[in-house]
Amino acid sequence: MRLLHTADWHLGRTLGGHSLHQDQEFLFAGQFLEMVRDTKPDAVLIAGDIFDRAVPPADAVELLDDILHRLIVGLRTPVVLIPGNHDDARRLAFGARLLAGGGLHIADSPLGRAWTFHDAHGPVSIVASGYASPLLLAQKLPAEHHATPGTGADQPSPRVVADHDQGMALLAPLLHALCTPNQRRVLVAHAFVAGGSETESERGLSVGGTGQISAARFAGFHYVALGHLHRPQSLAEGRLRYAGSPLAYSTSEANQQKSVTLVELDAQGGVTTQELPLTPLHPLRILRGDLATLLAATSQDYLALELTDPLPIAEAQRRLAQNYPRIIGLRWVAEALPSTATALPAAARAASPLQQFEAFHQAMRGAPLPPEARPVVTAALTSAEQP
Amino acid sequence: MRPLKLTMEGFGPYAARQELDFADLAPHRLFLICGPTGAGKTTLLDAICFALFGESSGAERQATHLRSLHATPDRPTEVTLEFHAAGQTWLIRRSPAWDRPKQRGTGTTTEGAKQALWQPGGTPLEKDKEVAARIHELLGLSAAEFRQVVLLPQGRFRELLVAKPEARQDILRTLFRTAFYARVQQALKDDAAAARQARRDAEFLLAALLARAGASSAETAAETRPALAAALAAAEAAARTATTAEATARAAETLARDTARRLTAAADAAAALAAHQAAAPAREAERQRLAAARRADQLRGALQAAEAAASQATTAAAEATLAASRLAAARTRLAAAEAALAEAPSQEAEAARLRAAAQRLEAQAQQVAAAEAATAAAAEAMRKAGAATDARVKAEDTARTAQQALTAALAAQTTTREAAAQAPRHRLERDQARARWSDLAAWEKAGRRLTAAEQARASAEAGLSAARQALAEARAALLADQAAHLALHLADGAPCPVCGSPDHPAPAQPHHASQAQPQHPSQAQPQHPSPAQPHQAATPDPAPLEAALEAARTAHAAAETEAQLAAAQRADSAARLGSPIPEKPALEAEGKAIAAALAQAEQAAAALPARDAAAAAAQTALDRAATALAAATAAEAQAAQTRAAAAATRDTLAQALPADLPPAATLRQQAATATAQATRLESALRQAREERAQAEGEARERTATQTNTAAHAAAAAEAATAAATALAAACTAAGFPGAEAARAALLPPAAQDALAAALAAHDTALAAAQATATRTAEDAAGLTPPDLPALAAALATATQARTAAERDATLAAAALRTHDALLTEIATAAATHTAAEAALALRDDLVALAEGRGGSGLDFEGFVLSGLLDEALAAANRHLSGMLAGRYALQRRQEPIRRNAAAGLDIEVQDRWNAQPRPAATLSGGEGFCASLAMALGLAETVAAHAGARQLGALFVDEGFGTLDAETLDTAVAVLESLQAGDRLVGVISHVAELRERLPARIEVSAGRGGSTASIITE
């Protein structure tokens, strides 16, 4: 079976104040559809973060509608779609039950939906599980039943899911149960699997705590199509894979080759993957040089500029903006960044009032406090201490 | 400070009691407070601020306006906050002053503001000042600081960014408590004022001193000194001369005085001697006196003896007289006692008689008493017998009633049991009826089925006959057609395959030629959707018709079978039902009746246990009553017996008594009186006898005494006489005329000694006077009296002159000293003045420095504040560098905007991309929000670090997110999420929809008709 795996489209996102709509449209309506047409997969898997916000802008919704229409009706390729942590699961799952008959399979529950696809070797179960926070998962999972000692009656007790890892541990058996036994099975999920590397553009899944899931939770699936991390990468010898975002969304992705993944699943469930590279309309680059050199050139790309001039120059950004309309960041290399240490320097707090007055004198008069003034100042300080 | 639980009642738009437990937000530290406009979102922050400080979160809402308009008039407005501070849990409750309806009368009375702060299980602090002080201690912040640092109210934190420097200094001063530095400035100013005063004083002093010296300056004053010194020297020389003259005069005078003295002494001595000699005769008289006294001393002993004897005699005589009189008294007493006893015997007899009477009366009384007791016992027994009879009657009644009850209970039990026994029978009937009902239904169903089956059979028959007909026709047609078919191929001369005849006079015509549309036999069967078979030329084919016939036959047979089955079933049901077939309504009614009967029987069965119990109880009651009756009867018999016995006793006793006896009590009384009288008589006799015995004894004693004393008196008289005689003899011997004279000559020894001494002294003095007179006469020989007054006058004059000269010298010395002292003072004062000038200059300089005059205009407090502001800005920049792609940084402006304006506290924003500073007011709404938020966070961290680093466990941001675009909103939320580290609770008030999606934990505030409600939602 041949599958095309992509994720993290983030339709409606802005970068440095510039809307990425045009770039996204260029990519999806162009190269992406071409790839689908050329490779003729049995299904397209989109592993979450379809939109960048819970309530996306209208033209993002329109773009998705257009792409899906052209994929499903035009190229007759079914699509499996899950909500990620940026999407609102309920809004994205509008019409899921109606659309399933037409070839668009949306996972409207984190407990998973499974559909059976057929290839030459037999049926394949594709299970799709939408992203859910541990709290939401605790609500959705069926309640545990404990037999109360003494009465013998079953008491349902509310679930407590401590973190994403435990959530997936509880969820995995339910997902397996949706598939027919002894069938090849593919999971589409949106999560942070331990061992993957982040970029700067992912939104954290949990504050304080990593929100990471260990790869062992996904045992039993022949292929796991993952979304959330924006760098394309494979884990567990290619069985778990992040397709990565089709566009670069932060400076840390500046030199990454973006791609979609073509997956071949053979009769025994073995997996081979191939990256199909994508070329953006306006790549994201880091550009370094002094002001004069940079002003000599021009570019439409999304640029993070690093200026090597020894001192900051006035009006630098305004002048560069004429040559580079898509500046997303600017930095003077020689300038020290403000430290991110959170502790205040202790010296500032420890100065005694007399020392402060001496510093004051020094700052105002340019000379240290004369010794005959010291007793006067000390007396004034003492009398001021008694309110 | 971390809020744990907030409870509000009647506060702002919240009328009903709202309880918000922040623990319900559980793992989420960042939460949203959302709700429609005016529902009461900011009021939650007001509540927290009010609970802690008694003020609202912004200054616009007065504390008195906080009472809810929806609140019921008799419920107070109250806010309770449970919070965690300094490692402990505290609760604080506060209610503002409010008008309460009076409990008595109409109108309202004002109830004052109340507050209470306590730890769970501890005593509450209730005074306003105590609570405020403790809150200040726990939180480390005042209300203004709290508002700036923990609650960031609507639109207010931007004002720090755009305020004028003076206003910013005010705000920062409150936050960082730099009033101390203002006080330092003030202290320096005071010090300078004091120094100025000191200098002025020094000036005055110097001027005064110079005036005193009569000079205009110190140098001029020094010039007058030499003249004074010379004057002093002259005066001292004059003094010395005068002293010498005086000494001479004195010597002359002394000599003259000595001469005069000698002459006087001689004259005095002679006079003294003459005096002594004149006093000689007196001395002689005294000498004689002394001798007489000495003689009388010798007689002293005899005199004393005579006196002693005389007194003894007197005493003895007196004693004898006294003894005699006492004896007479004792004799009189004895006589009286004897007289009293004369009557003794008759009285004894009387006493005995009385005793006997008393005994007799006593016996009678006992008898009477016994008779009375017996009467009383008899009456009592009668009463008891009557009571026993009553009891028995009652017991009989009870037994009777119990018997009746038992009978009734048994009857009821029997009826119920019978009814219950019916139940199985009814059940059986019910089952039967049900069976019949189902049979009837089956019969009807069978009937229907039969009808249907017959219909089917009829149609099957029809179909069969039709099929037969068709087949026959088809066969006929086939035959006919065959004939025609054969006929077609007939050729004249060829033999017919059928009959062999070569002639064919009338060949058969195709059967179908007469028909307009040939009916193909295959169309007797139902149509198949398979492709049409090629149409056979005019040859009907009987095979399908045969098949059809078979089918029809089969159908018919099936229908027949079906009909038979149905008939059989029906018959079966009918047999079970019996004849006649019952009607449905009748069966129904029957069923209902049976059900009713069954219900009744079951009810009875249910009631049966109760009836059983009742019967048993009645039985028990009856048994009890019977026992009681037996007991009562026995008691009655007993009582009757007792009564009879008592009556008998009474009668016996009454007979034994004589009639007309008074009651026992009276008798007893009489006996007692008699006894008392007897006792009295006996005791009187006894007493009289004793008296007589005592009187006898006394008389005896006194007789003896009287005899002794008389003898004694006689002896003493004799002795006295003897002594007197002896004395007279001794006196005569000593040369005295009589004892009187001897006594008169006595003198005490001291007087004698004194007299002797005086005589001796006079003798000595005489001798001495003689000697002196001799000596002085020798001294004064040949001297002449001097002229003393003249010499004395000369001496006095010389002394006067000396004194005057000395005085002048002293004055001159004093003047010189004074002048020297003055010069020293002037020098000191001048030095002091110079020092005071220097000190004043120093202090004025320090004041000018501290107040920021003449320079950058930054005073000391401002300088410290600018340092703190730098810290705050550094902290703010740490946050701001993560927002807006690190484009902006906050910094302090170095030059003032206007000249002469206070500098150093202006904030401007550095656009790092353009290396240009911009005033903070020029930022756009969203950029301004990020800068203000970073500023507020930096300020909060700095204040917390300087205010003793009391951990601020909570932070609230009120509105402002509406100005941000989606990307900036994302980073702002990321910044707020990062604040949750360190277990800090971060609350955000906003109506922006995107935040509702991002923040799963919410407090939803909804407005209703009766006030708003707030509830916590997590998903």
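Two strands count as paired if DSSP finds at least two bridges between them. Keep that rule in mind as you work through these exercises on a predicted model.

**Exercise 1. How many bridges join strand 5 of chain B to strand 8 of chain B, and in which direction do the two strands run, parallel or antiparallel?**

Step 1. Find strand 5 of chain B at residues 88-95 and strand 8 of chain B at 114-118.
Step 2. Count the bridges: five join these two strands, which run antiparallel.
Step 3. Check one pair by eye: B:R94 has B:Q115 in strand 8 of chain B as its bridge partner.

**Exercise 2. What is the strand order of the five-stranded open sheet in chain B, and why is one side of strand 2 and of strand 8 left without a neighbour?**

Step 1. Trace the sheet across: the order is 2-1-4-5-8, and the pairing is antiparallel.
Step 2. Look at the ends of that order. Strand 2 (18-21) and strand 8 (114-118) of chain B are at the edges with a single partner strand each, so one side of each has no neighbour in the sheet.
Step 3. Add the twist: on average, neighbouring strands of this sheet are turned by 10 degrees against each other, direction ignored.
Step 4. Now find what lies across the strands. Helix 2 (residues 128-139) of chain B lies across strand 4 (78-85), strand 5 and strand 8 of chain B, and runs at about 140 degrees to strand 5 of chain B.

**Exercise 3. Which strands of chain A form the three-stranded open sheet, and how are they paired, parallel or antiparallel?**

Step 1. The order is 19-20-21 in chain A, with parallel pairing.
Step 2. Strand 19 (284-289) and strand 21 (327-332) of chain A are the edge strands, each pairing on one side only.
Step 3. In this sheet, neighbouring strands are turned by 15 degrees against each other on average, direction ignored.
Step 4. Zoom in on one pair: six bridges join strand 19 of chain A to strand 20 (residues 302-307) of chain A, and A:R288 has A:E306 in strand 20 as its bridge partner.
Step 5. Finish with the helix on the sheet. Helix 8 (residues 316-323) of chain A touches strand 20 and strand 21 of chain A, and its direction makes about 140 degrees with that of strand 21.

**Exercise 4. At what angle do helix 6 and helix 18 of chain B pack, and which residues make the contact?**

Step 1. Helix 6 (residues 179-213) and helix 18 (residues 860-880) of chain B pack at about 155 degrees, with their axes 8 Å apart.
Step 2. Angles over 145 degrees count as roughly antiparallel, and these two helices of chain B are therefore roughly antiparallel to each other.
Step 3. The crossing of helix 6 past helix 18 of chain B is right-handed.
Step 4. On helix 6 of chain B the contact is made by B:A179, B:Y181, B:A182, B:V184 and B:Q185; on helix 18 of chain B it is made by B:F860, B:E861 and B:V864.
Step 5. Sort them by class: six are nonpolar, one is polar and one is charged.

**Exercise 5. How many residues of chain B are in contact with chain A, and what area is buried between the chains?**

Step 1. On the chain B side there are 46 residues, in contact with 54 residues of chain A.
Step 2. The two chains bury about 4300 Å² between them, 61% of it on carbon and sulfur atoms.
Step 3. Pick out the top contributors: B:L849, B:R878 and B:W913 supply 17% of the area that chain B buries against chain A, more than any other three residues.

Definitions and conventions
Residues numbered from 1 in each chain as written. Chains lettered and ligands numbered in written order. Predicted model: local features only at pLDDT ≥ 70, side-chain atom pairs only at ≥ 80, totals over all residues. Heavy atoms only, no water. Helix = DSSP H or I, 4+ residues; strand = E, 2+ residues; numbered from the N terminus. Axes fitted to C-alpha atoms, helices over the stretch in contact; angles between N-to-C directions. Contact = heavy atoms within 4.5 Å. Parallel < 35°, antiparallel > 145°, perpendicular 65-115°, else oblique. Left-handed = near helix turned anticlockwise from the far one by under 90°. Nonpolar A, V, L, I, M, F, W, Y, C, P; charged D, E, K, R; others polar. Buried area = accessible area lost by both parts, 1.4 Å probe.
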